[in-house]
Number of protein chains: 4
Amino acid sequence: MAVELDPPPSVAELAERTATFVRDVVVPVEERSGGVAPDDAVRRDLQAAARAAGVFAPHVSAEFGGHGLDMRDRAVVFEEAGWSLFGPLACNIAAPDEGNMHLLEAVATAEQKERYLRPLAAGDLRSCFAMTEPAPGAGSDPAALITRAERVPGGWRIDGRKWFTTGADGAGFAICMARTSGAPGDRGGATMFLVDAANPGMRVLRHIETLDESLSGGHAEVAFDDCRVRADDVLGAVDEGYRYAQVRLDPARLTHCMRWLGLARRAQHIAVRRAAERELFGSTLADLGMAQAMIADNEIDIAASRGLIRQACWELDRGQPAAQSAAMAKVFTAEAVWRVVDRSLQLCGALGVSGDVLLGRFLREVRPFRIYDGPSETHRWAIAKRVVKAARR
Amino acid sequence: MAVELDPPPSVAELAERTATFVRDVVVPVEERSGGVAPDDAVRRDLQAAARAAGVFAPHVSAEFGGHGLDMRDRAVVFEEAGWSLFGPLACNIAAPDEGNMHLLEAVATAEQKERYLRPLAAGDLRSCFAMTEPAPGAGSDPAALITRAERVPGGWRIDGRKWFTTGADGAGFAICMARTSGAPGDRGGATMFLVDAANPGMRVLRHIETLDESLSGGHAEVAFDDCRVRADDVLGAVDEGYRYAQVRLDPARLTHCMRWLGLARRAQHIAVRRAAERELFGSTLADLGMAQAMIADNEIDIAASRGLIRQACWELDRGQPAAQSAAMAKVFTAEAVWRVVDRSLQLCGALGVSGDVLLGRFLREVRPFRIYDGPSETHRWAIAKRVVKAARR
Amino acid sequence: MAVELDPPPSVAELAERTATFVRDVVVPVEERSGGVAPDDAVRRDLQAAARAAGVFAPHVSAEFGGHGLDMRDRAVVFEEAGWSLFGPLACNIAAPDEGNMHLLEAVATAEQKERYLRPLAAGDLRSCFAMTEPAPGAGSDPAALITRAERVPGGWRIDGRKWFTTGADGAGFAICMARTSGAPGDRGGATMFLVDAANPGMRVLRHIETLDESLSGGHAEVAFDDCRVRADDVLGAVDEGYRYAQVRLDPARLTHCMRWLGLARRAQHIAVRRAAERELFGSTLADLGMAQAMIADNEIDIAASRGLIRQACWELDRGQPAAQSAAMAKVFTAEAVWRVVDRSLQLCGALGVSGDVLLGRFLREVRPFRIYDGPSETHRWAIAKRVVKAARR
Amino acid sequence: MAVELDPPPSVAELAERTATFVRDVVVPVEERSGGVAPDDAVRRDLQAAARAAGVFAPHVSAEFGGHGLDMRDRAVVFEEAGWSLFGPLACNIAAPDEGNMHLLEAVATAEQKERYLRPLAAGDLRSCFAMTEPAPGAGSDPAALITRAERVPGGWRIDGRKWFTTGADGAGFAICMARTSGAPGDRGGATMFLVDAANPGMRVLRHIETLDESLSGGHAEVAFDDCRVRADDVLGAVDEGYRYAQVRLDPARLTHCMRWLGLARRAQHIAVRRAAERELFGSTLADLGMAQAMIADNEIDIAASRGLIRQACWELDRGQPAAQSAAMAKVFTAEAVWRVVDRSLQLCGALGVSGDVLLGRFLREVRPFRIYDGPSETHRWAIAKRVVKAARR
């Protein structure tokens, strides 16, 4: 079979429907709120509207109410949802819920799926993924994991401190990564646990104030103190947490890229419309060479990101190891999206830094993506190591 | 006389005193507030402390209570004040007051000085500079000025709309730039007017919500409707406004650079301290090559900015035309400071985007400087035009 | 049909065979010569070897001895050929011959094909494409075309001056673009002519000394003085030259990208091998963070270029207008390849600038690609114009 | 004393004289030769002309025929000499002779000065500095020094291999750095030796073919085999070679910067003149925004380099430790000069890569400066280490 870059017609149609829905229904809500995460009532309204429009939870299998999109299909649809900061939330494909659904479908038992995946896919609750820890714990280096889980009669006791646990406040449950063997610094020895929000051993200590503010439930600092869970709450097998993290991480990295790429296109859209209208020095801004250079570079950055995302998705869909491609897509897209938003803001001048357009908000939201899910530097290090290792063979 | 790069000992001593004052007194206040502009009571307390420390209004002549620093001396002292977002406010050298004092000393009548400069230099009131207009008015292209002033018996009537009038809310007076002859697009034909805050013809319509939030009085949209001023309220000569704007703009551009350069050094300080402590992958962050590259590039950006600022200051102090040097210093420093803060934040990882350090705030504050006081693109255009013009001769 | 990024197995196999051939047969010849264009005897030897290896003229249709690759297939195979500066020559897919074959297959009459395409596809002769003129003629702005062709009894008379006519010296024929109606600056009005090398009206005036030196026949300045051609030597229709140029240009842009991408991979290969071996400061160069950043950025630049090339190829193969995609691929790849070679050279230190490796030669060869086939700036201008035009609709 | 950026009038006058001499006398010779190092007869003619013009060996003390310029003064004069690739040679301030004169004046005995410095300062002979070794010897890491000198009756025996020994072919003598105690990897333990060209133990093995070709005597690989020198041929004290290297290196780094900065100005001069004349798309190239951005960035890069050089010179002249400032000036200038030449070439389009202007040659000449005298990465590493060390105190 030859190279083929068009998505299947059904997916193209879903993408277009998503685009229309986001522009017509979601953007007005986002603009009214200035892009700060809406409260839960607004979330439920938006999700009801998405369900009515047939653009809800498209990545989940049909069994759980979705369209069963593979990664290549998601690339097309998620980009359209990302046009608005609230588009992914409306379509129930926002981080971290989207990645958690992916993980649960791949790893959870039937019972766990009914209990957690079904309501999550339906939008009845939100979730969080408690992995990152304050220094010197798990962060750029996941092996530094400190949080421990000890066997106790009938299950486990988890103790530790997490932070940047996105969406923790108001989540129905957490997937918590804890060390079940070895010591901080060891590779391996982690296990994933499903922890119900009602569990008194898990507490949200604070919302960490961050540059970005658009994700529901914020970024929280979470304490696990004498947190008891049943043996049945282990997600997958004991000591296999890092392997599952990998199952989640590469796709999650890419879906982040897809969503932010949509936002980059939105920023470019705002800037180009402005440049086409703004009169300056006797012409329009869009006729001035330096503005044209910025517009062109935005367009190139967007197209190049898309190509890298597609390649990594394709490898994942084929079951190939895609860590290298996903890392390259992540580094490039995170930096490209940042450049696109920055240039778009610059193109709009003083208007760009004002709240009259959302570009300042976008700049705040996309900046952390160069750090979240692995800083660019950590990915570059990993990319280079793989290249050198291959060269040494 | 040979090249000599040390400031006079008295200035070096003042700079050191300023540095100590800012670290000991101002930074704690800034950190408590998260860097958002303090209310007027806090401003008065900080300024009283600066006065007590002998570091208040250093740029004003002794007659008005200052140290009479020339531009080269300001470069040394203002950089130290800029270490904190509130340092310039405390020392009464924040924009736009500092530039207005400079302008009033150069252009105002003795009576105007007593009425406006003396209380401004003493910190008894704040001021604003109403020049920028919403598109298609004066902005990147100052000649697009729309606001008009018409002669009426006993004085003038001003009508127009300004925006991004920094500090307008709560200011004791405004310097308003209005067209007194010609039409929008004409070079020349503008006049500066002193407008008392009590004047019913001047109204603050709104605070423009902006990415930056550290300047007192915010960025306002201001209406001048049938605003009557006396003939004595003309600042300098009628129709000479653009010339005075130049008197104000080149130095103001440079003092902006000096202040932001101080903040860049602070960002680097935070990041380097963090890198020196943070353990990662078995060493400290400061031992990793990619972190070292960022630290070195910060250091170089800071040093290169300082060199460009110094050159432009020296030309201004010698009475030479310094528009080219000032424009180069502005473009480079605005972009360098941005890079430094961005790298510093990256070096701090997730901590960097959190409110636990102020780097996210710094990023928001310095971004607009690539637009305020002329976008980088406008300056590049002007720089190139001068180079080409010289080559054609 | 879903997105599919693997080439057909037969193409993958051809690509692999090409890679082996280039590494085993071509690279030794290139390294001996330092990468400077070989003489015609060497060309013929290399091409005979390629024919024997079954990797000759793969893009031409079977009728003319090739494999009839579409653009997507070429992307895979040409990249392998580009691994060596002489790979494309050996495989008879070097510029400008490759583009001329493409054009002749699309536009020429059966008789013209027999006369020019068949021997060209067989490697019996080389060709050139005489379009670019010295300033103020056709260059970044093709409409500035000055060279004129006037009807004379039985044919045409061409008069004008061309430069940067690649491969002109020793070419068997030229395709010459001349104005047949309108005046310089008019869009339209050009015609393509087939001019035999034996024609006394066409003379190579000089080899222009250039930074790059690897293309056979050099870059020549060519004079057309009272150059008589037959009516049958018109290629395609009169006054349709710009349309045919477009037929040639977008694919030619992309095949340039494919070839240079192969060379970028080679540069990375040399640098990584060196970094893996070189001991420095107690570790290998490949263990140092700044080196890793360069290696990773090379890898990302290569992958991103490939994605953009593939997208444009796909659009061309589908018969869609691909000017925008081709322009984006060209700008990005030309600059990415340049960065990759520059970083690779830097990774090799003093060795990198020495003739002991070919990186200095590669740097010289790839630099002009940011100018040839349209400078990056011209393409950015065109890209932005299309974006703005679409936004205005 | 206040900050003062003008050089003394006598130096300004010397700089202007140098500029005139280079433009009128040196540039024509350089353009005729294409910038490739001239033979010794041409060198002698150019130097005679420089002597006649009073612009010869200006950095040497009056005792040896010069003007005794300090580093700040050299910054002004050398930049003018650097306008042409051959300017420094003509003025006898080219590498490595200029740095060797500096070193000999600082360290040599009276007898050594008469024997080597006097004829060198007079242009009667050239010299070389044999320090860099092929991997794994001394290079980015000077402590890796392998070449050994052993005490023998009446003197020393030197054995080892050097490469990139600039100017070795045809030099009258070499300053050779050899290990006299410790082992490769140890800091310290090196000694400098004066080796006469007539010494049979020193042989030029080959000219290393390099990207750059403008320096007299090329970059050579040199063998020291049983090379006997007298005890009096030790330069300075035994085992103090690294300290003297430092005496030479910081100034030499800066004088490199000064010379290349002059060449960057020349490149900008060529490009701007071209942009001012070239008609394109109905205006001149100099009126197009993207061209203006390049022209402005060139101007800024030049000015910023100058500021950094001046700062480091000033610290050296004051006897302060200037390693940090010199390293920052070196990294920034080497990369800035490269950018300036690259943009200038781009501004000239196809003409830029042709031999009709010298920009392709300049590109080749300046590229190695990002590697010679310490690669940018090594300097960034050293800069960061000093910053972190200071922060830890």
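**Chain contacts, strand pairing and a loop residue in the predicted model**

In this predicted model, the contact between chain C and chain A draws on 38 residues from chain C and 38 residues from chain A. On the side of chain C that touches chain A, at least two residues each come from helix 7 (241–277), helix 8 (289–317), helix 9 (323–347) and helix 12 (376–392) of chain C. Helix 8 of chain C makes the greatest contribution to this side, with 14 residues. Sorted by class, the side of chain C that touches chain A comprises 27 nonpolar, four polar and seven charged residues.

The arrangement of the two chains was then examined by superposition. A turn of 180°, combined with a shift of 0.0 Å along the axis, lays chain C on chain A with an RMSD of 0.0 Å, and this is the relation of a two-fold axis. Of the interface residues of chain C, 100% are also interface residues in chain A, and the copies therefore meet through the same surface. For chain B and chain D, chain B can likewise be laid on chain D by a turn of 180° and a shift of 0.0 Å along the axis, with an RMSD of 0.0 Å. Here too the copies meet through the same surface, because 100% of the interface residues of chain B are also interface residues in chain D.

With regard to annotation, an unreviewed UniProt entry lists residues 240–387 of chain A as "domain: Acyl-CoA dehydrogenase/oxidase C-terminal". In the model, the span of residues 240–387 of chain A is 78% helix and 3% strand, and its end C-alpha atoms lie 26 Å apart.

Strand pairing was considered in chain B and in chain C. In chain B, strand 7 (residues 219–230) pairs with strand 3 (residues 155–166) in the antiparallel sense over nine bridges, and within this pairing Gly155(B) has Arg230(B) of strand 7 as its bridge partner. Strand 7 of chain B also runs antiparallel to strand 6 (residues 202–208) of chain B, the two being joined by six bridges, with Arg203(B) standing opposite Ala223(B) of strand 7.

In chain C, strand 5 (residues 190–196) is largely enclosed by the rest of the structure, because six of its seven residues are buried. Strand 5 of chain C pairs in the antiparallel sense with strand 4 (residues 173–179) of chain C over seven bridges, and with strand 8 (residues 234–235) of chain C, again in the antiparallel sense, over two bridges. Phe193(C) of strand 5 stands opposite Cys176(C) in the pairing with strand 4, while in strand 8 of chain C the residue opposite Phe193(C) is Val234(C).

A loop position in chain C was also described. Val357(C) is placed in the loop between helix 10 (349–353) and helix 11 (359–366) of chain C. Because 19 other C-beta atoms lie within 10 Å, Val357(C) is classed as partly exposed, the threshold for a buried residue being 20 or more. When residues up to four places away in sequence are not counted, Val357(C) touches Ile270(C), Cys348(C), Leu351(C) and Gly352(C). Val357(C) and Val195(C) are separated by 162 residues in sequence and, from C-alpha to C-alpha, by 40 Å in space.

Terms used: Residues are numbered from 1 along each chain as its sequence is written. Chains are lettered from A and ligands numbered from 1 in the order in which they are written. This is a predicted model: local features need pLDDT of at least 70, side-chain atom pairs count only at pLDDT 80 or more; totals for chains, interfaces and linings use all residues. Two residues are in contact if their C-beta atoms, placed from the backbone, lie within 7 Å. Helices (H or I, at least four residues) and strands (E, at least two) are DSSP runs, numbered from the N terminus. Ala, Val, Leu, Ile, Met, Phe, Trp, Tyr, Cys and Pro count as nonpolar, Asp, Glu, Lys and Arg as charged, and the others, Gly among them, as polar. UniProt positions are given in the numbering used here, feature names are shortened, and annotations may be inferred rather than shown by experiment. Copies are superposed by least squares on the C-alpha atoms of residues with pLDDT of at least 70 in both. Two strands pair if DSSP finds at least two bridges between them. A residue is buried if 20 or more other C-beta atoms lie within 10 Å of its own, exposed if 12 or fewer, and partly exposed in between; C-beta atoms are placed from the backbone.
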